[in-house]
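Here are a few exercises to work through with the model open beside you. Try each one yourself before reading the solution.

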Amino acid sequence: MYVIFHLFAWTILTEQANPLRRANQIIPVIVGGPQDTFIPNTVTAAVGDIIQFQFSNGNHTVTQSTADTACTPMEGGIHSGHIPFQDGQTDVGTFNMPVTSADPMFLYCATGPHCQEGQVMMVNPANAQQLADYVKLSQQSQSSTDGTDVVGGTAGKLALDTAA
Ligand SMILES: [Cu+2]
């Protein structure tokens with residue numbers, strides 16, 4: 001009897017910790033858009049989720065930096081490479097990034113001055129101020145450094161009419 005009750009209580013507690021959440025979600029982020037942005041620029045993700053960057057305009061990257069070195073690749077950080085979108089394309093280039101840690105991640109676009117113009121985002125920010133500080137630091141940086149090898153995800157394609 002005790003064992004049954006214990007299991008029951010454990011189930012309730014587990015579900016209450018995260019009542020609406022499905023495991024292993026795919027979370028779309030639009031890269032580009034009418035302006036050079038990430039939409040949304042904050043994502044809350046769990047280990048096991050996949051963030052799907054959809055490159056639907058222009059030519060952009062998703063590149064990881066540290067909190068303190070905005071617009072500069074972090075050693076060992078993720079990098080999508082440059083994924084262009086041309087008018088008339090019927091599919092959208094994607095970069096599927098598995099979330100392997102719940103720690104905050106700082107991401108920017110390494111194309112031209114996009115990072116200085118505010119094309120940055122965070123995964124799992126500790127608070128809103130952390131993103132605000134990162135945006136400010138990126139705007140104050142002098143230039144961006146490109147990533148090199150594609151790391152931390154898989155490039156693919158998605159039909160344009162199914163993109164976010
Ligand atoms: Cu960009």
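**Exercise 1.** Find the strand that holds Ser-65, then decide whether Ser-65 is buried or exposed.

*Solution.* Start with the element: Ser-65 belongs to strand β6, residues 63–65. Helices (H or I, at least four residues) and strands (E, at least two) are DSSP runs here, numbered from the N terminus. Residues are numbered from 1 along each chain as its sequence is written. This is a predicted model, so local features need pLDDT of at least 70, side-chain atom pairs count only at pLDDT 80 or more, and totals for chains, interfaces and linings use all residues.

Next, count neighbours. Ser-65 is buried because 26 other C-beta atoms lie within 10 Å. The cut-offs are these: a residue is buried with 20 or more other C-beta atoms within 10 Å of its own, exposed with 12 or fewer, and partly exposed in between, with C-beta atoms placed from the backbone.

Then look at who is there. Setting aside neighbours within four places in sequence, the contacts of Ser-65 include Ala-70, Cys-71, Thr-72, Phe-106 and Tyr-108. A contact means that two C-beta atoms, placed from the backbone, lie within 7 Å. Finally, try a C-alpha distance: Ser-65 and Ile-78, 13 residues apart along the chain, are separated by 8.6 Å.

**Exercise 2.** Work out the strand order of the open sheet of 4 strands, and name its edges.

*Solution.* First the order: β3-β10-β9-β6, with mixed pairing. Two strands pair if DSSP finds at least two bridges between them. As background, strands of a sheet pair through backbone hydrogen bonds, either parallel or antiparallel.

Now take the pairs. β3 (residues 42–43) runs parallel to β10 and is joined to β10 by 2 bridges; Thr-42 has Met-122 as its bridge partner. β9 and β10 are antiparallel, with 4 bridges, and here Met-105 partners Val-123. That leaves the edges, β3 and β6, each pairing on one side only.

Last, check the faces of β10. Val-120 and Met-122 on one side are buried, and so are Met-121 and Val-123 on the other. Helix α2 (residues 128–140) lies across β3, β9 and β10, at about 150° to β10. Angles run from 0 to 180 degrees between N-to-C directions, with axes being lines fitted to C-alpha atoms, for helices over the stretch in contact.

**Exercise 3.** Do the same for the open sheet of 5 strands: what is its order, and why do β2 and β11 each have a side without a neighbour?

*Solution.* The order is β2-β1-β4-β8-β11, and the pairing is mixed. β2 (37–39) and β11 (154–159) are at the edges with a single partner strand each, so one side of each has no neighbour in the sheet. From one strand to the next, the twist averages 30°.

Move inward to β4. Strand β1 (residues 26–32) runs parallel to β4 (residues 50–55), with 6 bridges. Ile-26 faces Ile-50 across this pair, and Ile-27 faces Ile-51. On the β8 side the pairing is antiparallel, again over 6 bridges, with Gln-52 opposite Asn-96. β4 is mostly covered, since 5 of its 6 residues are buried.

**Exercise 4.** Which residues of the largest nonpolar core touch the most other members?

*Solution.* The core has 27 residues, and the answer is Phe-53, Leu-107, Tyr-108, Cys-115, Val-120 and Met-122. A nonpolar core is a set of buried Ala, Val, Leu, Ile, Met, Phe, Trp, Tyr and Cys residues joined through C-beta atoms within 7 Å. Elements giving two or more residues to this core are β1, β4, β8 (91–98), β9 (105–108) and β10 (120–123). For a closer look at Phe-53, its contacts beyond four places in sequence include Val-29, Val-31, Val-62 and Phe-95.

**Exercise 5.** Where is the pLDDT below 50?

*Solution.* Begin with the average: mean pLDDT (the predictor's confidence in each residue, from 0 to 100) is 89, and 87% of residues reach 70 or more. The pLDDT is below 50 over residues 1–5, a stretch with 0 contacts in the model beyond near neighbours in sequence. Residues 7–16 are also below 50, again with 0 such contacts. Where pLDDT is low, the predicted coordinates should not be read in detail.
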